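Please work through the following exercises with the sequence and the model side by side. Each task is followed by a solution that goes step by step.

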Amino acid sequence: MNSGFLILDFGSQYTWLIARAFRELSYYSEVLYYNESLDVIKKKKPLGIVLSGGPSSVLTNSSPRRSVNELLEIAPVLGICYGMQLIAFQKGGTLSSSSQKNYGLNEVYWKKSLIPNLNKQKVWMSHGDSLQALPPKAQLLCRDSNSLITAFSMERLLAFQFHPEVSHTERGKELFEYFAFKLCKAPPKSWTKQSRLDFVISQIRKQVPKTKKVFCALSGGVDSTVTATLLSRVLGVPQVLCLFVDTGLLRKKEYEEVLNNYRSLNLNIKGVKAGDRFFKALKGVLDPEEKRKIIGKLFIDIFKEEMEDSKYLAQGTLYPDVIESLSEQGDVIKSHHNVGALPKDLNLKLIEPLKQLFKDEVRDIGKSIGLSSNLLDRHPFPGPGLAIRCIGEVTPEKVKILQKADFIYIEELKKQDLYDKIWQAFLILLPIKTVGVQGDSRTYKKVISIRAVTSTDGMTADWFPFPPSFLQKLSCRIVNEVSEVNRVVYDITSKPPGTIEWE
Ligand code: XMP
């Protein structure tokens, strides 16, 4: 890692936003677990190190610790929330705990502003403990509306009680710029479109010898397509065996469209129709995690059958997956089967050339290597497909209902220029029936929920506020054109507390 920033994660839900903040300033950034070895950190030669927030209290003995002085010998340090408290604690400040959390929007008043014309600032806070007295030699920068210390600086050190990385904090980006340029003296921007592409290509060269065959399972989405296309360009088309599986759980007409796309990209692609196998394996299964595991295992079985003598498996894993798995620490929310689910006996080397990139960075690469906007701007589609949008048991009949309705939904979104304003839009078939009336007769039919979210990385999301006229038209078309459905509802849950998919 050259010319980049390191973030040590103490368990904050906002850590990935800190990583993004530096990427947006055009610097490489990387998140490591808070107790990563000093040697590893030194070798990365960071320009600056950030200590993230976290749920613990520095006043309890079991809280995560590491020496700030040791880090300061490597680079300037920025502490955020828990990170600030850790710095204050080690440098001789006085902290006190409170059972009441200071959570949400607050206002701070700057005594010594770091950026021009900043006196008063709206900031996002999320802390229990607070700093009562500064460490010796520290300079007070600002206090909040309760007069609590909310920022201070020391030699090569900057510390904020609030979260500059959260969008609710005003001018947070400028505070990161101050840290990067004034404190860390960062050289000219280094994480550019070209350097990202060079970085990914160098990863491929480093990980796969030119004569080896790589197996790449494709999903139809941007990440795996960019992965396969770059691999094919670096290693040669015949060396990269690409596979697209029709699980029977894809969107309507998707299998043929995606295969044609791949053929036009000149990939060495093979399509396998396996819908019957997936439905058979899912028969009678209701539990979401069990469904995911069965689908994951079947994918692996099919890979084994198709991968010939290849010992390398390429996947389009992205950086948010890596960060999420760092902070989950065993608390699995959903078993995504991009990584981790590979059985050891397969003896495969995993190639993940996009592992350090965010989605928008991958889309940029896709654009620069000439992928069509039709492919690049597709909404993400999960590996387990419509199975996790068909709540309860998955049957071919239910999937067909979902496919018909989903086709109408996407068609309407495109017709009304809404598709590109949304990160992901899909429908969920509920396992209940409700009473309705159609053509003067009583009906007792299925319910479909509309879901649409905006997001940058899928890690947090807001529900999309459709105009009522759109909802009216969509609902009307679905109940008229999909004879098995008589009711349409609208999911207005953000992430968190919900997740994007329902299962
Ligand atoms: P959740 O539901 O976890 O979804 O908020 C976040 C994003 O991940 C997608 N997703 C998956 N993608 N395999 C994938 O490739 C999976 O198993 C999987 N599960 C969820 C989801 O569609 C959303 O974009």
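The exercises below go from the whole chain to one helix and then to single residues.

This is a predicted model, in which local features need pLDDT of at least 70 and side-chain atom pairs count only at pLDDT 80 or more, while totals for chains, interfaces and linings use all residues. Residues are numbered from 1 along each chain as its sequence is written, and side-chain values use heavy atoms, with hydrogens and water left out.

**Exercise 1. The whole chain**

Task: Compare the radius of gyration of the chain with that of a compact globule, and describe how the chain is built.

Solution. Begin with the rule, which takes the radius of gyration over C-alpha atoms and sets the globule value at 2.2 Å times the number of residues to the power 0.38. For 503 residues the rule gives a radius near 23 Å, and the chain has 25 Å, so the two agree. Next, note that the C-alpha trace spans about 75 × 65 × 40 Å along its principal axes, and that the secondary structure comes to 15 helices and 20 strands (DSSP runs numbered from the N terminus, with H or I over at least four residues for helices and E over at least two for strands).

Then turn to burial, where buried means under 20% relative accessible area, exposed over 50%, and partly exposed in between, with a 1.4 Å probe and protein chains only. Buried residues make up 55% of the 503 residues. Finally, consider contacts, meaning heavy atoms within 4.5 Å: of those in the chain with a separation of 6 or more, 75% are between residues 24 or more positions apart.

**Exercise 2. Helix 6**

Task: Check the span of helix 6 against its number of residues, and find which elements cover its buried residues.

Solution. The expected span of a helix is 1.5 Å times one less than its number of residues. Helix 6 (residues 193-207) has 15 residues and should therefore span 21 Å, which agrees with the 21 Å between its end C-alpha atoms. Its buried residues are Ser195, Arg196, Leu197, Val200, Gln203, Ile204 and Gln207. The cover over these residues includes helix 7 (222-235) and helix 12 (359-368), together with strand 15 (312-314) and strand 16 (349-351).

**Exercise 3. Backbone geometry**

Task: Locate the cis peptide bonds that involve Pro496, and then examine the positive phi values of Asn117 and Lys253.

Solution. Start in the segment after strand 20 (485-490), where Pro496 is found and where Pro497 also lies. One cis bond joins Lys495 and Pro496, with omega at about -15°, and another joins Pro496 and Pro497, with omega at about 10°.

For the positive phi values, go to the loop between strand 6 (102-110) and strand 7 (120-127), which holds Asn117. Phi of Asn117 is near 55°, although the residue is not glycine, and Asn117 counts as exposed because its relative accessibility is 72%. Lys253 lies in the loop between strand 13 (240-246) and helix 8 (254-264), has a phi near 65°, and is partly exposed, with a relative accessible area of 47%. Its sequence neighbour Glu254 is found in helix 8 and counts as buried at 5% relative accessibility. Not counting residues up to four places away in sequence, Glu254 touches Arg378 and Phe381.

**Exercise 4. Surroundings of single residues**

Task: Decide whether Leu175 is buried or exposed, and do likewise for Lys137, listing the contacts of each residue.

Solution. Leu175 is found in helix 5 (residues 172-183), and at 0% relative accessibility it counts as buried. Leaving aside neighbours within four places in sequence, Leu175 is in contact with Trp110, Leu114, Ile115, Gln121, Phe160, Phe162 and Pro164. Lys137, by comparison, sits in the loop between strand 8 (130-133) and strand 9 (139-144), and is exposed, with a relative accessible area of 82%. Outside the residues up to four places away in sequence, Lys137 touches Ser153 and Met154. As a last step, note that Lys137 and Glu155 are 18 residues apart in sequence, and that their C-alpha atoms are 8.8 Å apart in space.
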